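Q: Please take a close look at one part of this model, the first chain, and explain how it is built. Where it helps, say how it meets its partner.

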Amino acid sequence: MDNPTPMLAHRQEHDAEPSQLGDAALLARIGQRDESALGLLYARHSAVLFSLACRMLSDPLEAEEVLQDVFVRTWKHAPSYDPTRSSVFTWLVMIARRQCLDRLRARRSNPLRGFATPSLDDLPPCSDGRQEEERSYSEIGEMVLQKLALLSEEQRRCIEMAYFEGYTQNEIAMHLDEPLGTIKARIRRGLLKLKRVFPFPHD
Amino acid sequence: MIDRQTEETASLYVLDLLSEAERRAFESRLRKSPELSDRVRELAETVNHLAHATPKRKPPDRALDAIYSRIERRPARGLSAKLARVNRIPAAWPLAACMMLGLAVFLLVADRTGRAILEQDLRDSGAAFEHFGEALEEMRQIERDRDRLGDELSATEQELARIHERYRELLEEHHDTRHAEAYLRRELQKMRDQAFVYHLPREGIARLVVIELVDSSSEFAEFGFVDQALQRLSEIGHQITYAHQLIPGTRQDDVSVSPSGEWDADESRSAVVTSGQILRDAPGAVGEDLVRDPSEAQETSEGAEEPGRVRYQPSGFSIWDETEQVGTLSVYDLPELPENAVYQLWIEDPAHDLPINVGMLPELDDGTGMVYYQVDMEQVTPVNVLITQEPRAGSPYPAGPVILRGPGGADPRRGSPQP
């Protein structure tokens with residue numbers, strides 16, 4: 001079947017039910033101050049973003065703050081979203097990661113700041129009332145873990161320390177007791193290998 | 001065309017690992033290069049798949065309500081818009097309420113007789129004046145305490161900053177020390193390995209043949225075991241004699257070292273000159289490089305070297321026990337393999353025209369380690385050992401580049417070893 005013309009596609013998208021719209025179309029509606037579109041985008045991606053923030057920060061309260069910040073920023077900056085630079089999912093994840101990194105690096109720059117935080121185990125698993133295992137992953141999450149297993153242990157460790165734990169290059173080198181050049185090379189090779197096994201965009 | 005260095009910077013960029021200055025410089029390049037921009041997008045899409053690789057957590061139900069309460073709602077038109085603008089002034093409604101209350105009190109008081117108001121107010125004002133003085137003094141005391149605590153806090157913050165700076169310095173020193181320790185441990189291990197080779201023959205195990213492997217690309221590659229032994233051992237005044245055909249069937253020259261001619265040929269001892277001694281003179285193998293400033297980068301034939309990277313030259317040696325028909329291979333610092341490639345070990349035996357395939361080396365940490373090997377043939381006498389880089393499936397004959405060879409026989413692809 002032929003693709004619809006751009007004009008027709010635009011009209012179809014304009015007339016479509018919000019729940020049937022793609023992420024980019026939802027973001028366009030958010031730019032027009034459509035709160036229901038924000039709710040739909042939240043319903044689609046909040047669990048992944050919250051899970052990511054929980055893993056990075058190990059603090060559900062801070063993770064919730066990050067989640068709120070992400071969608072408040074989405075509301076404010078939706079008109080500036082450039083679809084040629086990233087998918088909406090990647091855009092959201094980048095905002096969330098940046099928020100988490102700022103918090104992690106602020107924590108590390110102030111070593112005396114420490115306080116008790118609620119346990120992640122107190123949080124409900126992401127399900128619709130069904131009983132899940134304590135560490136369950138989404139279907140795509142399982143697939144990503146399988147792809148990650150294709151990396152060498154050293155490459156995976158470097159990328160995870162950078163991505164999830166927010167360590168800088170120098171901190172990773174110090175932590176693993178390896179030269180900085182080795183760390184950079186491992187990250188580059190690891191990402192190139194991942195790029196080959198993830199050939200598709202998110203949207 | 002995106003070079004390796006740029007690709008590496010792009011990888012660091014998508015992981016937020018660049019410093020502020022590096023990030024700005026890279027983004028400036030991004031704006032000028034659509035190809036680089038596409039590559040960064042691909043890497044960003046790739047790396048953010050990792051967000052899925054986290055255990056699923058459901059955000060609290062209150063989160064969405066909190067978001068809605070935080071977002072700026074679109075103002076309506078007309079009266080609603082004006083009310084909305086008033087709503088944005090935080091104190092507008094309380095201020096209006098206070099004004100209304102003040103007006104009501106004023107009207108109520110004005111209704112009383114002026115005299116009664118005056119007497120009562122005079123009494124109240126005297127008492128109030130006393131309380132006012134006490135409160136003023138108390139407030140001043142609080143201000144003094146606040147200033148003192150502010151000073152203490154400032155001093156504590158400065159002290160904390162000094163401690164933190166010292167902590168970072170110590171951490172860096174610790175890091176350097178650990179590198180130096182690792183280097184010394186590595187050198188010690190090499191010396192132990194060499195001592196093992198050197199001393200075992202002295203215990204009477206004279207049937208070991210020690211084969212030195214040298215980097216085939218090294219300018220010292222033509223210097224074999226015997227040459228090095230002669231050169232090194234001559235320097236310390238030992239008498240060197242050759243023991244040709246010491247082990248039947250070998251063409252390997254074993255070197256016997258006989259201080260003052262004390263031992264005869266039957267008690268000849270094998271000696272070894274490891275490539276470690278050779279490489280110590282070679283560029284890029286000095287220990288000082290371990291603490292090289294990471295900001296310095298050396299240009300090599302392959303382009304800019306990674307900053308702070310210490311390059312060791314590959315080296316190794318092999319010991320073959322003829323009686324047990326088993327060998328050990330010790331290698332150091334084999335280069336990192338490209339994808340889909342393996343290191344394959346070969347031995348050359350005068351009785352065979354072609355190199356004998358021993359097998360593929362297991363994956364070694366940092367290209368360093370020791371492996372035992374056997375050959376599925378009877379009575380093999382290796383005179384040369386080769387390590388080549390081959391495709392992952394392995395090769396029946398050495399076809400890839402020779403990484404190490406020893407003790408200096410001819411390249412098998414150029415013909416049989418020299419007798």
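A: A residue is called buried under 20% relative accessible area, exposed over 50% and partly exposed in between (1.4 Å probe, protein chains only). The model is predicted, so local features need pLDDT of at least 70 and side-chain atom pairs count only at pLDDT 80 or more, while totals for chains, interfaces and linings use all residues. Residues are numbered from 1 along each chain as its sequence is written, chains are lettered from A and ligands numbered from 1 in the order written, and side-chain values use heavy atoms, without hydrogens or water.

Start with chain A as a whole. Chain A has nine helices and zero strands, helices being DSSP runs of H or I with at least four residues and strands runs of E with at least two, numbered from the N terminus. Its pattern along the sequence is therefore written α-α-α-α-α-α-α-α-α. Chain A holds 203 residues, of which 47% are buried. Its accessible surface is about 10,400 Å², computed by the Shrake-Rupley method with a 1.4 Å probe. Carbon and sulfur atoms hold 50% of that surface. A contact means heavy atoms within 4.5 Å. Of the contacts in chain A with a separation of 6 or more, 62% join residues 24 or more positions apart.

Now follow the chain from α2 to α4. The loop between α2 (23-31) and α3 (35-57) of chain A contains A:R33. A:R33 is not a glycine, yet its phi is positive, at about 65°. With a relative accessibility of 26%, A:R33 counts as partly exposed.

Past that loop comes helix α3, and A:A37 lies in it. A:A37 is buried, because its relative accessible area is 0%. Setting aside neighbours within four places in sequence, A:A37 touches A:L26, A:R29 and A:I30. A:D23 is 14 residues away from A:A37 along the chain, and the C-alpha atoms of the two are 9.4 Å apart.

After α3 there is another loop, which leads to α4 (60-77) of chain A and holds A:S58. A:S58 repeats a feature already described for A:R33: its phi is positive, at about 55°, although A:S58 is not a glycine. Its relative accessible area is 43%, so A:S58 is partly exposed.

How do helices pack against each other? Two packed helices are described by the angle between their axes and the distance between the axes. An axis is a line fitted to C-alpha atoms, for helices over the stretch in contact, and the angle, from 0 to 180 degrees, is taken between N-to-C directions.

Helix α4 of chain A packs against helix α4 (residues 62-70) of chain B, with the axes 9 Å apart and an angle of about 45°. That angle makes α4(A) oblique to α4(B); under 35 degrees counts as roughly parallel, over 145 as roughly antiparallel, 65 to 115 as roughly perpendicular and the rest as oblique. On the side of α4(A), the residues that meet α4(B) are A:L61, A:E64, A:E65, A:L67, A:Q68, A:D69, A:F71 and A:V72. Their partners in α4(B) are B:R62, B:A63, B:A66, B:I67 and B:R70.

Later in chain A, helix α8 (residues 169-176) packs against helix α9 (residues 180-197) at about 110°, their axes 9 Å apart. That makes the two helices, α8(A) and α9(A), roughly perpendicular. From α8(A), the pair brings together A:Q169, A:N170, A:I172, A:A173 and A:L176, and from α9(A), A:L180, A:I183, A:K184 and A:R186.

A brief look at the partner completes the picture. Chain B has nine helices and twelve strands. It has 419 residues, with 38% of them buried. The accessible surface of chain B is about 25,600 Å², and carbon and sulfur atoms account for 54% of it.

Within chain B, the axes of helix α1 (residues 4-14) and helix α2 (residues 20-32) come within 11 Å and cross at roughly 115°. That makes α1(B) roughly perpendicular to α2(B). The residues in contact are B:T6, B:T9, B:A10 and B:Y13 of α1(B) with B:R23, B:F26, B:E27, B:R29 and B:L30 of α2(B).

One strand residue of chain B can be added. B:Q344 sits in strand β8 (residues 341-348), and its 2% relative accessibility means that it counts as buried. Beyond four places in sequence, its contacts include B:N357, B:G359 and B:M360.
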